[in-house]
There are 2 protein chains.
Amino acid sequence: MRQISQYLSVDCVLFGYNGSELEVLIVDRTLNDEKSGELVINDCTLTGNHVYEDEPIEEAANRVLFDLTGLDNVFLEQFKTFAHPNRLKRPNDQLWLKSTGRNPEARIITVGFYSLVATDKVKLQWKGRNVRWVPVSEVGELAFDHNLILEEALRTLQTRIKYEPITFELLPDKFTLTQLQNVYEAIWGIELDKRNFRKKVARMKYLIQLDEKQTGVAHKPARLYVFSRDVYDKTKKELFDFTI
Amino acid sequence: MRQISQYLSVDCVLFGYNGSELEVLIVDRTLNDEKSGELVINDCTLTGNHVYEDEPIEEAANRVLFDLTGLDNVFLEQFKTFAHPNRLKRPNDQLWLKSTGRNPEARIITVGFYSLVATDKVKLQWKGRNVRWVPVSEVGELAFDHNLILEEALRTLQTRIKYEPITFELLPDKFTLTQLQNVYEAIWGIELDKRNFRKKVARMKYLIQLDEKQTGVAHKPARLYVFSRDVYDKTKKELFDFTI
DNA sequence: TCAAAAGTGTTTCAGATACACCCATGT
DNA sequence: ACATGGGTGTATCTGAAACACTTTTGA
């Protein structure tokens, strides 16, 4: 029997992109009173989970994502650890811990990961709990310290996309330059100039133009591109070209 | 009696600059056999410590630094958490844990912080244990997973100084532009052009030229500068000018 | 034929790079 | 007087920013 760590968890901020907005995966947390059946907790959390005693945290985070999306090999990066002694001390959180058999007094520290997926690659599923995409701008108050975790994850993402080629993770394998531009715009919350953007990405050899075009769109169909990690790894010098 | 967490620690990678090289603070770890008195462990670690159950990790890290340097308000940033189940499983590490009254089977996770100080501000002192500055390039094999931690800290530092005004932390309050340039060169391990460097920093309004010069040097004395966080906070837009 | 997004070029300006000599001080 | 590091300017090139119209498709 595999032991669960009583002190360590992982939380995954799973970002997705729906074609216009940056979204994040949110789980409903509901608790009914044992006797009255009355709904005593009804709020939301990020996706997270326990870590097995013999399990590296990266594996635990991957496990959460796999359970959730069925996807393996998802982009995943540790960004910060949250360990404040009071992070689970709000009344609802204490109630929740008790009702799920945890010691509400224990200090549980959580390692935050963020992850990027193309929402259309994902069929959501999580052990009967209700899971859904919510635009980052519309996320309300979350349980635990999850608003803080989300905030830090977003800040990390905003910085990271300047220097690392990870925006592709939010798109289908084949994507248009407009989609790529939209991802940057959604993450930064600003608008970019189309011509300048295209001049910029034209320099990136690892963005490979295909002989394919969009179909089924009611306008001039756009060319499709793929990201080549191979080419990227061979031309790492251009890393900082990602500053846009 | 304040309880110590059995599962959580902090490690601080304390970087210093000695005028020519980037250094890191290293602690000797020695253990004598109880009976024979023979030296059974004689190696080095980074500086780290336990966390009290009711103590935020940032405070724990600050406490380590204060005990070590007598300095408060030192630059300190969490960079990564290390939690691999086998991270303390090498024979010497197991021996050490046993001999210091810890459970060698327990999984101890550690949150890594890095910190920057001007070595000449510091009088080292650490509970009788031998502590010293070692150039980063000359650090040998360290105990636990501390080589990995150091590596990640250095990588973080190299990236961070491109976008954040933190190099000043490694210098005396008043410094010369050559010293500043040397810090970048030491951290990146490359040489920079003096004239171009000066043109670049001349644009940074938060580098304030004093009406003071070096004294006691056997050459034309250099002008002294200070970093103004005030001005920096007011002109944050220029953040990315730090790319050098 | 219209609506909708794709795609494209020029000008101007700021900053990156490359590069070599004279200056002020202590010994 | 000499050794040492301080301090400066110019020319060239690359990339950032600002900006508007034509093209291709489906409805």
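Modeller: A polar contact is a pair of N or O atoms within 3.5 Å. Keep that cut-off in mind. The model here is predicted.

Colleague: How far is a polar side-chain atom of Lys194(B) from a base nitrogen of DNA strand D?

Modeller: The cut-off for a polar contact is 3.5 Å. The pair joins a polar side-chain atom of Lys194(B) to a base nitrogen of strand D. The distance is 2.6 Å.

Colleague: Which part of DNA strand D lies 3.4 Å from a polar side-chain atom of Arg198(B)?

Modeller: Start with Arg195(A). Its polar side-chain atom lies 3.4 Å from a base nitrogen of DNA strand D. For Arg198(B), the partner at 3.4 Å is a phosphate oxygen.

Colleague: Which elements give two or more residues to the surface near DNA strand D?

Modeller: Both protein chains take part. In each chain the element spans 194-202. The elements are α5 of chain A and α5 of chain B.

Colleague: How many charged residues does the surface near DNA strand D have?

Modeller: In total, 22 residues surround strand D. Among the closest are Lys200(A), Lys199(B) and Arg223(B). By class, six are nonpolar and four polar. The charged residues number 12.

Colleague: What share of the atoms of DNA strand D within 4 Å of the protein belongs to sugar or phosphate?

Modeller: These atoms of strand D belong either to bases or to sugar or phosphate. The bases take the rest, once sugar and phosphate are counted. The sugar or phosphate share is 41%.

Colleague: Now the other strand. How much of DNA strand C within 4 Å of the protein is sugar and phosphate, by atoms?

Modeller: Around strand C there are 22 residues. The closest include Thr178(A), Lys194(A) and Val217(B). Of the strand C atoms that come within 4 Å of the protein, sugar and phosphate make up 43%.

Colleague: Which residue has a side-chain N or O atom 2.6 Å from a phosphate oxygen of DNA strand C?

Modeller: Take three contacts in turn. Arg198(A) has a side-chain N or O atom 3.2 Å from a phosphate oxygen of strand C. Asp193(B) has a polar side-chain atom 3.4 Å from a base nitrogen of that strand. The residue at 2.6 Å from a phosphate oxygen is Lys200(B).

Colleague: What relation do chains A and B have?

Modeller: A rotation of 180 degrees superposes chain B on chain A, with 0.0 Å of shift along the axis. The RMSD is 0.0 Å. The relation is therefore that of a two-fold axis.

Colleague: What percentage of the contact residues of chain B recur in chain A?

Modeller: The two copies use the same surface. The recurring share is 100%.

Colleague: How many nonpolar residues line the largest cavity?

Modeller: The structure holds one cavity of 30 Å³ or more. About 30 Å³ of space lies in the largest cavity. Its lining includes His84(A), Pro85(A), Leu88(A) and Ile108(A). By class, one lining residue is polar, three are charged, and the nonpolar ones number four.

Notes:
Residues are numbered from 1 along each chain as its sequence is written. Chains are lettered from A and ligands numbered from 1 in the order in which they are written. This is a predicted model: local features need pLDDT of at least 70, side-chain atom pairs count only at pLDDT 80 or more; totals for chains, interfaces and linings use all residues. Side-chain values use heavy atoms; hydrogens and water are left out. On a 1 Å grid over the protein atoms alone, a cavity is a set of points where a 1.4 Å probe fits but cannot get out, and a pocket is an open set with protein on both sides within 12 Å along at least five of seven lines; lining residues have an atom within 4 Å of a point. Grid points are joined across faces, edges and corners, and a volume is the space filled by probe spheres set on the points. Ala, Val, Leu, Ile, Met, Phe, Trp, Tyr, Cys and Pro count as nonpolar, Asp, Glu, Lys and Arg as charged, and the others, Gly among them, as polar. A residue is near a molecule or strand if one of its heavy atoms lies within 4 Å of it. A polar contact is a pair of N or O atoms within 3.5 Å; within protein, one must be able to donate a hydrogen and the other to accept it, and residues adjacent in sequence count only if both atoms are side-chain atoms. Helices (H or I, at least four residues) and strands (E, at least two) are DSSP runs, numbered from the N terminus. Copies are superposed by least squares on the C-alpha atoms of residues with pLDDT of at least 70 in both. Contact means heavy atoms within 4.5 Å.
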